[in-house]
Amino acid sequence: MKKDLRVQKTLHAIDSAIITLLERKPFESITIQDISSEAMINRGTFYTYYKDKYELIESYQNSMMTDIEQLLYKNITGTSFKDVDENDLNNTILKMFQYLKDNRRRVLVIANSLGSAELANIFHSTCLIFIK
């Protein structure tokens, strides 16, 4: 089921707002009022979708990791890593890095809010699970 166009526009405005704000100041300094003002919505509208700024960032993180997992598993078949076609593996890894490049701002938002070490741990865990 598709989301209402107004909902999509509001969520996009919130996404754009947090990215813009994180380019200007650290995550800890950003308030819900900052996000709401930048997105041109009221605070109540923000709270309709997220309980706080941490949930917003967590949704970014979950969405990104789901996208990466789908990329990793989409073209890889076989019961073990030895069964994987080398071309499929190379293409999948290239697609993953292309995704990171294409979504650079989104990745930076997560890295800025979580810390790059925490993001690296999450990414590392996802890759290890994939390899297993």
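This report looks at how helix α1 packs against two other helices, and then at two buried residues of helix α6, in a predicted model.

**Helix α1 and its partners**

Two packed helices are described by the angle between their axes and the distance between the axes. Here is how that works out for α1 with each partner:

| Helix pair | Angle between axes | Distance between axes |
|---|---|---|
| α1 (residues 5–24) and α4 (residues 53–74) | about 100 degrees | 12 Å |
| α1 and α2 (residues 32–39) | about 115 degrees | 8 Å |

Take α4 to begin with. At about 100 degrees to α4, α1 counts as roughly perpendicular to it, because angles from 65 to 115 degrees get that label. On the α1 side, I14, D15, I18 and I19 make the contact, and on the α4 side L56, I57 and Y60 do. Sort those residues by class and you get 6 nonpolar, no polar and 1 charged.

Now for α2. Here α1 makes a right-handed crossing as it passes α2. From α1, the residues involved are A13, I14, A17, I18, T20, L21 and R24. They meet D34, I35, E38 and A39 of α2. By class, this contact has 7 nonpolar, 1 polar and 3 charged residues. I14 and I18 turn up in the α1 lists for both the α4 contact and the α2 contact.

**Two residues of helix α6**

Over in α6, which spans residues 104–114, sits R106. Is R106 buried or exposed? Its relative accessibility is 17%, so R106 counts as buried, the cut-off being under 20%. Its side chain has a polar contact of 3.4 Å with the side chain of D67. Neighbours within four places in sequence aside, R106 is in contact with Y60, S63, M64, D67 and Y99. Y60 is a name we've met already: it is one of the α4 residues in the contact with α1.

S113 belongs to α6 too. With a relative accessibility of 13%, S113 also counts as buried. Which residues does S113 touch, not counting those up to four places away in sequence? They are F27 and I57. Like Y60, I57 is part of the α4 side of the contact with α1.

There's also a distance in space to go with S113. S113 and E58 are 55 residues apart in sequence, while their C-alpha atoms lie 9.5 Å apart.

Definitions and conventions: Residues are numbered from 1 along each chain as its sequence is written. This is a predicted model: local features need pLDDT of at least 70, side-chain atom pairs count only at pLDDT 80 or more; totals for chains, interfaces and linings use all residues. Side-chain values use heavy atoms; hydrogens and water are left out. Helices (H or I, at least four residues) and strands (E, at least two) are DSSP runs, numbered from the N terminus. Buried means under 20% relative accessible area, exposed over 50%, partly exposed in between (1.4 Å probe, protein chains only). A polar contact is a pair of N or O atoms within 3.5 Å; within protein, one must be able to donate a hydrogen and the other to accept it, and residues adjacent in sequence count only if both atoms are side-chain atoms. Contact means heavy atoms within 4.5 Å. Axes are lines fitted to C-alpha atoms, for helices over the stretch in contact, and angles run from 0 to 180 degrees between N-to-C directions. Angles under 35 degrees count as roughly parallel, over 145 as roughly antiparallel, 65 to 115 as roughly perpendicular and the rest as oblique. Ala, Val, Leu, Ile, Met, Phe, Trp, Tyr, Cys and Pro count as nonpolar, Asp, Glu, Lys and Arg as charged, and the others, Gly among them, as polar. A crossing is left-handed if the near helix is turned anticlockwise from the far one by less than a right angle, and right-handed if clockwise.
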